[in-house]
Amino acid sequence: MTERPELEPLDEGTFETVLCVVAHPDDLEYGTAAAVDKWVRAGKTVTYLLATRGEAGIDTMPPEQAGPAREQEERDGAARVGVHVVEFLDGFTDGVVEYGLPLRRAIAREIRIRKPDLLVTTTYADRFPGGFVNQADHRAVGLAVVDAKADAGNRWIFPDLLDEGHEPWQVARLLVVADSDPTHFVDVSDHFDAAVASLSAHDAYLTALGPDYPKPPDLLGTILGGAADVVGVPYSLTGRLVG
């Protein structure tokens, strides 16, 4: 039997500003929003950056309709956990996001603008915990966040950002959620309902997945309750902390 790792509580006193960077609308709502609600209620500043508008995510809706609909659902879901700054990158297409310099530059630019103490993204591994294949955009964006963290702090990488007035910014830590080798957890037991409300805002997307897709309370109960026997709290967000 494989031993489950011992997880440390994330020291939430070490950061006041958080930038969450993911590929699509709804990526943050699969658990991370619970921690976001906790942080916002504690007075921390949290902003979102999404690489796409999720325009390829609804089979029954053409991209030119799905993109605006999903963008609004993301803004609505973010607002339910107190986040009112939600930015979307231009120039990257849902489903075919490529890791590379343009993506790294765009993320590094936002890091320099927001000046976060903590970055949050989702795993860039080829599989999620449990063995499910991780979607290509998630992998591209997650890895780009890792590299953009360093890019943002180096004035000689993307020097054109200096011309735009964006001075280098060193991010202290990066939390990679949904990682197969987590090191830390955030107790979100008092923020489960907020997480459900945030995911529920993605009504068009969830409806298109069909009646057999798990409802937000059931899905989040599995995601956030999965480490309960390890960390000793009912609901937690787990992730790998990178210094």
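Here are some friendly notes on the structure above, which is a predicted model.

1. **Overall make-up.** A good place to begin is the secondary structure: the chain has nine helices and eight strands. Its radius of gyration is 17 Å, close to the 18 Å that the globule rule gives for 243 residues, so the chain is as compact as a globular protein of that length. If you picture a box laid along the principal axes, the C-alpha atoms fill roughly 50 × 45 × 35 Å.

2. **Inside and outside.** Of the 243 residues in the chain, 49% are buried. The accessible surface comes to about 11,300 Å², and carbon and sulfur atoms hold 52% of that surface.

3. **Contacts along the sequence.** Take the contacts in the chain with a separation of 6 or more: 80% of them are between residues 24 or more positions apart.

4. **Charges.** The chain carries 21 positive and 40 negative charges. The mean positions of these two groups are 5 Å apart.

5. **The sheet.** Now trace the strands in the model. Eight of them form an open sheet with mixed pairing, in the order S1-S7-S8-S6-S5-S2-S3-S4. Which strands stand at the edges? They are S1 (8–9) and S4 (86–88); each has a single partner strand, so one side of each is left without a neighbour in the sheet.

6. **A pair to look at.** Strand S7 (residues 184–187) and strand S8 (residues 236–242) run antiparallel and are joined by four bridges. To find your way along this pair, look for Asp-187, which stands opposite Ser-236 in S8.

7. **His-191.** Further along the chain, the loop between S7 and helix H6 (192–200) holds His-191. Is His-191 buried or exposed? Buried means under 20% relative accessible area, and His-191 has 11% relative accessibility, so it counts as buried. Leaving aside residues up to four places away in sequence, His-191 touches Ala-34, Asp-37, Lys-38 and Arg-41.

8. **Lys-215.** This residue also lies in a loop, here between helix H7 (203–208) and helix H8 (216–225). With a relative accessible area of 49%, Lys-215 is partly exposed, because a residue counts as exposed when that value is over 50%. What separates the C-alpha atoms of Lys-215 and Val-196? The separation is 9.2 Å, and the two residues are 19 residues apart along the chain.

Notes:
Residues numbered from 1 in each chain as written. Predicted model: local features only at pLDDT ≥ 70, side-chain atom pairs only at ≥ 80, totals over all residues. Heavy atoms only, no water. Helix = DSSP H or I, 4+ residues; strand = E, 2+ residues; numbered from the N terminus. Rg over C-alpha atoms; globule rule 2.2 N^0.38 Å. Buried < 20%, exposed > 50% of the residue type's maximum accessible area, 1.4 Å probe, protein only. Contact = heavy atoms within 4.5 Å. Areas by Shrake-Rupley, 256 points an atom, 1.4 Å probe, with all protein chains shown as cover. Lys, Arg positive; Asp, Glu negative; His and termini not counted. Charge placed at Lys NZ, Arg CZ, Asp CG, Glu CD. Pairing = 2+ DSSP bridges.
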